[in-house]
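Biologist: I am new to this structure. Please put it on the screen, and then I will ask about it.

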Amino acid sequence: MITFDPVPIGESTFQMHELSFEQCLKISIIAPNLNEKRLSAFVKSVLDNVDPLLLTIQERYLLLLKYLEKQSNTMLEVNT
C-alpha cells in the first residue's frame, strides 16, 4: 500500500490514494489519442469527490507527477 502526502495546489489540498487494479484497467482502455480524457479518468480515480474537469490541465498533470513520484519498485517506477 502506497501512502501519499497531501498535495497543496493554490487554496486547495488534495489527498490521493492508490489505484486499484480494476481502476488501472479502466484507465488503460481509453485510447492514447484521448490523453486528456485518460488524465481526467486517472484524477477522478485517485481523488475522492473531486471533479477533474474543475481543475486546470496543469493541476491534473501535477497530480499525475506527484503520483508517479511515489512509485518505486513497481511497474510504474520512473527514473529521475
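**Loop, helix pair and core**

Modeller: Asn49 is found in the loop between helix 2 and helix 3 (helices are DSSP runs of H or I with at least four residues, strands are runs of E with at least two, and both are numbered from the N terminus). This is a predicted model, with residues numbered from 1 along each chain as its sequence is written. Local features need pLDDT of at least 70 and side-chain atom pairs pLDDT 80 or more, totals for chains, interfaces and linings use all residues, and side-chain values use heavy atoms, without hydrogens and water.

Biologist: Is Asn49 buried or exposed?

Modeller: Buried means under 20% relative accessible area, exposed over 50%, and partly exposed in between, with a 1.4 Å probe and protein chains only. Asn49 has a relative accessible area of 83%, so the class is exposed.

Biologist: What is the phi value of Asn49 near?

Modeller: Asn49 is a residue other than glycine with a positive phi. The value is near 60°.

Biologist: Leu53 lies in that loop too; which residues does Leu53 contact beyond its sequence neighbours?

Modeller: Leu53 has a relative accessible area of 64% and is therefore exposed. The C-alpha atoms of Leu53 and Val43 are 9.5 Å apart, with the two positions 10 residues apart along the chain. Leaving aside neighbours within four places in sequence, the contacts (heavy atoms within 4.5 Å) of Leu53 are Ser40 and Arg60.

Biologist: At what angle do helix 2 and helix 3 pack?

Modeller: Helix 2 covers residues 35-46 and helix 3 covers residues 57-69. Their axes, lines fitted to C-alpha atoms over the stretch in contact, are 10 Å apart. Taken between N-to-C directions on a scale from 0 to 180 degrees, the packing angle is about 60°.

Biologist: Which word describes helix 2 relative to helix 3 at that angle?

Modeller: Angles under 35 degrees count as roughly parallel, over 145 as roughly antiparallel, 65 to 115 as roughly perpendicular and the rest as oblique. The packing angle is about 60°, which makes helix 2, relative to helix 3, oblique.

Biologist: How many residues of this contact are nonpolar, polar and charged?

Modeller: Helix 2 brings residues including Leu39, Phe42, Val43 and Val46, and helix 3 brings residues including Ile57, Leu63, Leu64 and Tyr67. Here Ala, Val, Leu, Ile, Met, Phe, Trp, Tyr, Cys and Pro count as nonpolar, Asp, Glu, Lys and Arg as charged, and the others, Gly among them, as polar. The division is 9 nonpolar, 2 polar and 2 charged.

Biologist: Which element gives the largest share of the largest nonpolar core?

Modeller: A nonpolar core is a set of buried Ala, Val, Leu, Ile, Met, Phe, Trp, Tyr and Cys residues joined through side-chain atoms within 4.5 Å. The largest one has 16 residues, and Phe42, Leu63 and Tyr67 are among those with the most contacts inside it. Strand 1 (7-9), helix 2 and helix 3 each give two or more residues. The largest share, 4 residues, comes from helix 2.

Biologist: How far is the C-alpha atom of Leu19 from that of Val46?

Modeller: Leu19 is placed in the loop between strand 2 (12-14) and helix 1 (21-28). At 13% relative accessibility, Leu19 counts as buried, and Phe42, Ser45, Val46 and Tyr67 are among the residues touched by Leu19. Leu19 and Val46 are 27 residues apart along the chain, and their C-alpha atoms are separated by 6.1 Å.

Biologist: Which residues does Ser45 touch, not counting those up to four places away in sequence?

Modeller: Ser45 is placed in helix 2. With a relative accessible area of 16%, Ser45 is buried. The residues touched by Ser45 are His17, Leu19, Gln23 and Ile27.

Biologist: Which residues does Leu62 contact outside its neighbours within four places in sequence?

Modeller: Leu62 is placed in helix 3 and, at 32% relative accessibility, counts as partly exposed. The C-alpha atoms of Leu62 and Ile9 are separated by 8.9 Å. The contacts of Leu62 are Val7 and Ile9.
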